[in-house]
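Please open the model in your viewer and keep the selection tool at hand. The stops below are meant to be taken in order, one selection at a time.

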Amino acid sequence: MSATRRNVLAGLVLLAIAIALPFVLPGRYLIGQLTLFFIWATVVTQWNLVFGVAGIFSLAQMAIFAFGGYATAMVGLYGGWNLWLALPVGALAAVVFSLVVGLACLRLKGPYVALLTLAIAQGMYLLIITDTACFSMEGVTCRNFTGGTRGLAKYGDFGFREWLGYKYMAFGDYYLALGVLVLATAFSMFLMFGPIGAAFQALRDSPEYATARGVSRFKFQMLVFASSAFFTGLAGGVFAGYYKVMGANTLYLSPLLFLLAMMVVGGLGRTWGPLVGAAALMLADEGLKDFPEYRFMGIGAALVLFVMLWPRGIVGAAEAIGAQLQKRRSELGGTSTRQH
Amino acid sequence: MDTTTQIIISGLTLGAMYAISTVSLSLIWGALNVLNMAQGALLTLGGYAAYTASAALGLNAPLAILLTVAAGGLFGVAMYALVVRHMLDREGFEVNVIIATIGIGMVLEAGLQKLYGAYPIRQPLTVEGGFFLGNVYVPYNSVIIVLTSAALMLVLAAVLARTRMGRAIRAISQNRDAARLMGVPVELVYAQVFALAGGLSAASGIMLSTITTLAPTMGYDPMLKAFIICVVAGLGNVMGALYAAFLLGLFESTVQFALGVRFAFISMLVLVIAVLIWRPYGLFGRTRVTKL
């Protein structure tokens, strides 16, 4: 069985399990956590394209996510649009934002990119939380354009409550987030295993040679920033519709680092790395639920340990063990044939 | 006239505060190509260590500061010995070490929060009072910050220029392999660089906490500004970082006055992007020509 077919098969099995899960899970808490897992995993698969595959150490992924979420919420709130229609608008807004970030980083390398993108995220955060000017009046209270420190609310939702009733409304968000994750994963695999992915890898591994062979850095860097932003922004929109509040807390450092840890723990640039990492971190987070003060410390310790001991993440380590076993088995096989 | 004086005074204070942070980032980057993302947590460590030394242990100010600087230096060495040393020369070092220092910063920050709580505390080393320069009130605290920072920079410049350790650091920054072949004990010098940078950051953290208050996240914003200054100057350029720190301090206070505090960070950001488009290796950075 070829690697691609194995990947597709594994994906289909996982998908079938994910579709069946809400019917067997007890209670809505777990469904909510899984919905959140799908949203984060979507962002991490797209970040993995930029960081793991194209090798651009951008830390702007949560800013792009927040941009998509805010744009979706604003179109719903100020434009009065249905949130389903606002979703693609938000995703496209995230693409435009990401292109601007990509342009700003175009001539930069390695650490410079990390610094600049982190500063852009912080700049966006500061602009939002210091927003005190009145944009519109909500009764007697004044509402800021970006929602300021309180965040945006009352921009509508996906209407799952009317469609599915109170009992099954959580299913709606669950399947929506799952759908976005499936599309995002399929899209990232399509990019990684196609000629575009090859171009990304060439630019990452030897920029000079790739450029000399006619692979345009400008074109592909813009492409990776734009394409990864679409699903990231979409995830932001789903997040906004799911929580019904969009606030600047998405731009805090802790969610960004939580997602970075997912990528590093899962395995940078690996096909299944983002999903494995997101699952591992969500599980660990669930385990530390009663000790919130150790949560941040745990993420930090995981980052340090993994880059020191297993820089290729869980998936990379598993691959190495698999290869070792394969080798040993063939060696054993070799000796046994010689004995005969 | 008074406004100009006010802008210059607050600009110099900001610049002096940023200068030390920026220079310690630059030292580490110059010698090891390590972007120290734990810098913010190191600043916080400095602030809290000084608080403990003066409030809990009841030491006098000079002794408390000395102890704080020592604690910062010790943490720097620990960071090098326990983490960075094991990652040197490995594949993907530049990016992996950034992630590792992010992790170290998180652990340190969370540890400090566990010890001291999340609520802001006043820094007892803050100096009260001030004097009038024309119509402008100048706090003594600002004067002390500018003078201390200037003194520290002079000492550092002397160390780098005159001492054996300084020569070794500069040699390694220029060409590590050549330095090693000439018998420079590279590992030891790396540890010294981390000690120096850690001590300086802790000192910078004390100053910072006298202006703001002590809080577990107090180092993050200044760290980002120090990064911006480093990028403007060109990473690893220690003297350039010093000029850029004061330049950007003055720029920030001008923007704060002209447009309001809200736009200070964002205009620094626009400035740095403009500089980088014009000169991708910073104002004082040398353009590197890569050979194939």
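Begin by selecting helix α12 of chain A, residues 295-309, in what is a predicted model. At 1.5 Å a residue, the 15 residues of this helix should span 21 Å, and because its end C-alpha atoms are 21 Å apart, the expectation and the model agree. Now colour the buried positions of α12(A), which include A:Phe296, A:Met297, A:Ile299 and A:Gly300, and continue along the helix to A:Ala302, A:Leu303, A:Val304, A:Phe306 and A:Val307, which are buried as well.

Keep A:Leu303 selected, since this residue is among those with the most contacts inside the largest nonpolar core, a set of 211 residues. Add A:Leu259, A:Ala261, B:Val193, B:Ile229 and B:Val231, which are also named among the residues with the most contacts there. Domain 1 (27-251) and domain 2 (253-340) of chain A both give residues to this core, so the core lies between them. If you centre the view on A:Leu259, you will find that it touches A:Trp40, A:Val43, A:Val44, A:Trp47, A:Gln61 and A:Met62, leaving aside residues up to four places away in sequence.

Next, give the two domains of chain A separate colours, domain 1 covering 27-251 and domain 2 covering 253-340. Their C-alpha centres lie 25 Å apart, and the contact between them takes 18 residues from domain 1 and 16 residues from domain 2. On the domain 1 side, select α2 (28-53), α3 (61-78) and α6 (160-193) of chain A, each of which supplies at least two residues; α2(A) gives the most, with 12 residues. By class, this side of domain 1 divides into 12 nonpolar residues, 6 polar and no charged.

Then show both chains, whose contact takes 35 residues from chain B and 33 residues from chain A. On the chain B side, the elements that give two or more residues are α3 (61-87), α4 (93-116), α9 (220-233) and α11 (264-278). Which of these elements gives the most to the side of chain B that touches chain A? Select α4(B), which gives the most, with 14 residues. The whole of this side has 26 nonpolar, 6 polar and 3 charged residues.

Finish in chain B with strands β1 (residues 130-133) and β2 (residues 136-139), which pair in the antiparallel sense over 4 bridges. These strands form a hairpin with 2 residues between them, and B:Gly134 in the turn has a positive phi of about 65°. Beside that turn, select B:Leu133, which stands opposite B:Val136 in β2(B).

Methods: Residues are numbered from 1 along each chain as its sequence is written. Chains are lettered from A and ligands numbered from 1 in the order in which they are written. This is a predicted model: local features need pLDDT of at least 70, side-chain atom pairs count only at pLDDT 80 or more; totals for chains, interfaces and linings use all residues. The expected span of a helix is 1.5 Å times one less than its number of residues. A residue is buried if 20 or more other C-beta atoms lie within 10 Å of its own, exposed if 12 or fewer, and partly exposed in between; C-beta atoms are placed from the backbone. Two strands pair if DSSP finds at least two bridges between them. Domain bounds come from an automatic or database domain assignment. Two residues are in contact if their C-beta atoms, placed from the backbone, lie within 7 Å. Ala, Val, Leu, Ile, Met, Phe, Trp, Tyr, Cys and Pro count as nonpolar, Asp, Glu, Lys and Arg as charged, and the others, Gly among them, as polar. A nonpolar core is a set of buried Ala, Val, Leu, Ile, Met, Phe, Trp, Tyr and Cys residues joined through C-beta atoms within 7 Å.
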